[in-house]
Amino acid sequence: SKLKHFVIIAENGQYIQYNHELIHSHIYQISTLQNLVSYEHHTNSLFFYISDKSTFITKPIDKFLELEHVKLNRKLFDYYLSLDLKMLDVNQLDCDIQTIEMYLPKDKAVKLSDMIPTYRAVHFNDVFADYMPKTASKMNAIDILSLRLNIPTSKVIAFGDGFNDIEMIHGVGLGIAMENA
């Protein structure tokens, strides 16, 4: 049988595609990027600025590899190391940043949220987070698609494996936390 609907919800609801049509994609403003780069340089954090063309960093990744939190999450860092990381110069950026992932322990995320109150860090473990608008979430994306498809969220099944999936798991008809959650 064929799929009736082809849906992609990515980046914690910041990117929504339905039957190969882009429904929603968040783009970070230059001023927000400048604030983040400034914050990043004054803290022991590392942000990954992701576009459809490249993944950018603003400081060398090597010094982070020996941190205890990173050793415990080495698979994620190995993934980033496998990419062709480019150094970010916000003033010379020739593409849109659509996603920001960060190595940022939870206690530091509160200070960042105070600095840019319309955004939040959504941790998927103790030290790695997606940085996104406060209005973005996987549940919001499901709500948008449910309205478009005329399917009540009580009829939706969702799977999740991290802190960033809790709202979605509780907000649908059948929410399933995966074994590695």
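## Exercises on a predicted model

In this predicted model, lysine 59 touches Glu40, His41, Thr43, Ser45, Leu46, Phe64 and Met87, when residues up to four places away in sequence are not counted.

**Exercise 1.** Determine where lysine 59 lies, and decide which side chain of opposite charge is nearest to lysine 59 and whether the pair counts as a salt bridge.

*Solution.* Begin with the position: lysine 59 belongs to the loop that runs between strand S5 (55-57) and helix H2 (68-72). Next, look for the nearest side chain of opposite charge, which is that of glutamate 40, 4.8 Å away. A salt bridge requires a side-chain nitrogen of Lys or Arg within 4 Å of a carboxyl oxygen of Asp or Glu, and lysine 59, although buried, has no salt bridge. Finally, turn to the backbone, where the oxygen of serine 45 lies 2.9 Å from a polar atom of the lysine 59 side chain.

**Exercise 2.** Work out the strand order of the open sheet of three strands, and find which strands form its edges.

*Solution.* Start with the general idea that strands of a sheet pair through backbone hydrogen bonds, either parallel or antiparallel. In this open sheet of three strands the order is S1-S2-S3, and the pairing is antiparallel. The edge strands are S1 (7-10) and S3 (21-25), each of which pairs on one side only. From one strand to the next, the twist averages 10°. Now follow one pairing in detail: S1 and strand S2 (residues 15-18) are joined in the antiparallel sense over four bridges, and the bridge partner of isoleucine 8 in S2 is glutamine 17. To complete the picture, add helix H5 (residues 138-149), which packs on the sheet and touches S1, S2 and S3, while its direction makes about 25° with that of S2.

**Exercise 3.** In the loop between S2 and S3, examine asparagine 19 and histidine 20, and state for each the phi angle and whether the residue is buried, partly exposed or exposed.

*Solution.* Take asparagine 19, which is found in the loop between S2 and S3: its phi is positive, about 45°, although the residue is not a glycine. Its relative accessibility is 36%, and asparagine 19 therefore counts as partly exposed. Then take histidine 20, whose place is also in the loop between S2 and S3; its phi is positive as well, at about 70°, and histidine 20 is likewise not a glycine. Because its relative accessibility is 63%, histidine 20 counts as exposed, the cut-off for that class being over 50%.

Conventions
Residues numbered from 1 in each chain as written. Predicted model: local features only at pLDDT ≥ 70, side-chain atom pairs only at ≥ 80, totals over all residues. Heavy atoms only, no water. Helix = DSSP H or I, 4+ residues; strand = E, 2+ residues; numbered from the N terminus. Buried < 20%, exposed > 50% of the residue type's maximum accessible area, 1.4 Å probe, protein only. Lys, Arg positive; Asp, Glu negative; His and termini not counted. Polar contact = N/O pair within 3.5 Å; in protein donor to acceptor, adjacent residues only side chain to side chain. Contact = heavy atoms within 4.5 Å. Pairing = 2+ DSSP bridges. Axes fitted to C-alpha atoms, helices over the stretch in contact; angles between N-to-C directions.
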